[in-house]
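Here is a short report on one protein. Take a look at the sequence and the structure before reading on.

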Amino acid sequence: METQTIHNQNKTQPNTERISGSEAVVRCLLAEGVDIIYGYPGGAIMPVYDELYKYQDKLHHVLTRHEQGATHAAQGYARISGKVGVAIATSGPGATNLITGIADAQIDSTPIVCITGQVGSHLLGSDAFQETDIVGISTPVTKWNHQITKASEIPEVLAKAFYIARSGRPGPVLIDITKDAQFEEFDFHYEKCTGIRSYKPVPTVEIADVEKAAALINNAKKPLIIWGQGIILGEAEAELKSLIEKTGIPSAWTILGASAIPTSHPLNVGMVGMHGNYAPNVLTNHCDVLIAIGMRFDDRVTGNLNSYAKQAKIIHFEIDPAEVDKNVKTDIAVLGNAKESLQLLLPRVLPNTHEAWHQQFKDLYAIEFEKIINHDLHPSKEGLTMGEVLNEINLQSKGDAAIVSDVGQHQMVACRYAKFNQSRSNITSGGLGTMGFALPAAIGAKMAAPERDVVAIIGDGGYQMTIQELGTIFQTRVPVKIVVLNNNFLGMVRQWQQLFFDKRYASTELINPDFVQIAKGYFIEAKKVSKREDLSAAVQQMMQHDGPYFLEVVVEKEGNVFPMIPTGASVSDIRLS
């Protein structure tokens, strides 16, 4: 996005105050309502940290143990709160260590602002110590980025950064500030950004498109709704609930859309995608109208595009015009914020029940329950399953906890079986699939919502990618609950090796350390269970503990996650075994 003219609330220039660029950064953050930032200091960002020291009674800085942890913590903060998360780092390796989290935020539409220090402007391009072109590096994975070389640019650029990060389809913004700009003094004044010429973050909803969509829905015999995170980002949960209750349309969700509607709702028919539920996947290729709301037809949802919902008319409610017709050709596209679009749609759709169509979902669910779900949640075999651990957490939390999952088999199990009563309760790395996401993201989530139980569900592989953030938990005493489901494998890769590579388990078996002793080394209460009879008491102890808690559960070593759509297969070809 090119730099454009910014429209501020006030046209007259009020009184200014002469301060340094580094103090201006802190004052801008406070003006945007930022209360917590995550970061790691270094030479090129030290002037800002010096100002943070002076403002620590107003702005809480959390020292993570790695810059990647800072971005994931900022993501967790943003995902559960709906606010903009903030991460800060120095130049060179500090800045490049942010990239994984930034890329994760970009593909999952998470609003974060990352601020990096940079070498002095006179050294730019000279390969100075800890100089990297972080603007060039981050350009493909940011919604916008900008390098500041003059202190006077700071208020306007940071105002724009927060506006872009949170507006329309949210995303990450990176602002790089040279060290001399941090020291330089200027006449400071801050105004929030309310608009940018040529940048229209929310398209205007066309009533004609809404009416066409309503006509298709009213005439449908077998309609299916698939909703995504756009419902949550657009705060359209109530409108979606009203729509499905009025029309009686069975409704499924993508991973990032989970929790927008309670899992117990009778019209919630489960998760679509590679390890989603049997009925919504199979019946995607039987519906006559497919209504996609705030989702982007990711390949993990659609499977083989050549055989995806070819029999159906496609209605796509979407805020980002770039997503329309990108993967799936639509018959009707309704551009705009999901909340506004659904508010316009609601009075135009007719009441219905679709009882016969619903029965097809119930029949297929019964098959999945008998073949998979019952065995996952109530196994008769000796080894513990991931499913029964999630089931026990559901019983203890009563569906009120926020579940932060990492990436792998445990993630699919958590998304399939976690019970959610309220929105913004499923926090996971969706599009990028970042191992190591959950532990720092859980820290950010708990700090943003201290009144909620936050439980991190992590595999033994991903856990060790950001295990150092136990130090952040120890220093802050943030009371997150950490559950590591340990099968001594990189489980998802191993499952694929078993099914498609003749059990050649190449570099997927893990020789793990004593996780309990590591947690205790950080003075975190910890326990390990491997027997079914010990599970309930251990989960109860974890949930009731006043402070952070680590629970390792040894699960079956070669358990698989089903259903499963093999890569390149149709959603109709979903496997139950």
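How much space lies in the largest cavity? About 130 Å³ lies there. Keep in mind that this is a predicted model.

## The cavity

The structure holds one cavity of 30 Å³ or more. Which residues line the largest cavity? Among them are Asp-376, Thr-385, Met-386 and Gly-387. Gln-409, Val-413 and Asn-487 also belong to the lining.

The list goes on with Glu-556, Gly-559, Asn-560, Val-561 and Phe-562. Find these residues in the structure and you have found the walls of the largest cavity.

## Three domains

The protein chain is split into three parts. Domain 1 covers 14–188. Domain 2 covers 207–360. Domain 3 covers 378–554.

Now turn to domain 2 and domain 3. Their centres, taken over C-alpha atoms, are 31 Å apart.

## Where domain 2 meets domain 3

How many residues are in contact here? Domain 2 gives 17 residues, and domain 3 gives 18. Together, domain 2 and domain 3 bury an area of about 1400 Å² between them. Carbon and sulfur atoms give 58% of that area.

On the side of domain 2, three residues lose the most area to domain 3: Ile-255, Ser-259 and His-275. Together they make up 38% of what that side buries.

## What holds polar atoms and charges here

Which kinds of residue does domain 2 bring to domain 3? The touching side of domain 2 has 10 nonpolar residues, five polar ones and two charged ones.

Zero salt bridges are found across the interface of domain 2 and domain 3. Polar contacts do occur: nine residue pairs are counted between domain 2 and domain 3, with both residues at pLDDT 80 or more.

Key
Residues numbered from 1 in each chain as written. Predicted model: local features only at pLDDT ≥ 70, side-chain atom pairs only at ≥ 80, totals over all residues. Heavy atoms only, no water. Domains from an automatic or database assignment. Contact = heavy atoms within 4.5 Å. Buried area = accessible area lost by both parts, 1.4 Å probe. Salt bridge = Lys/Arg side-chain N within 4 Å of Asp/Glu carboxyl O. Polar contact = N/O pair within 3.5 Å; in protein donor to acceptor, adjacent residues only side chain to side chain. Nonpolar A, V, L, I, M, F, W, Y, C, P; charged D, E, K, R; others polar. 1 Å grid on protein atoms, 1.4 Å probe; cavity = no way out; pocket = protein on both sides within 12 Å on 5 of 7 lines; lining within 4 Å. Points joined across faces, edges and corners; volume = space filled by probe spheres on them.
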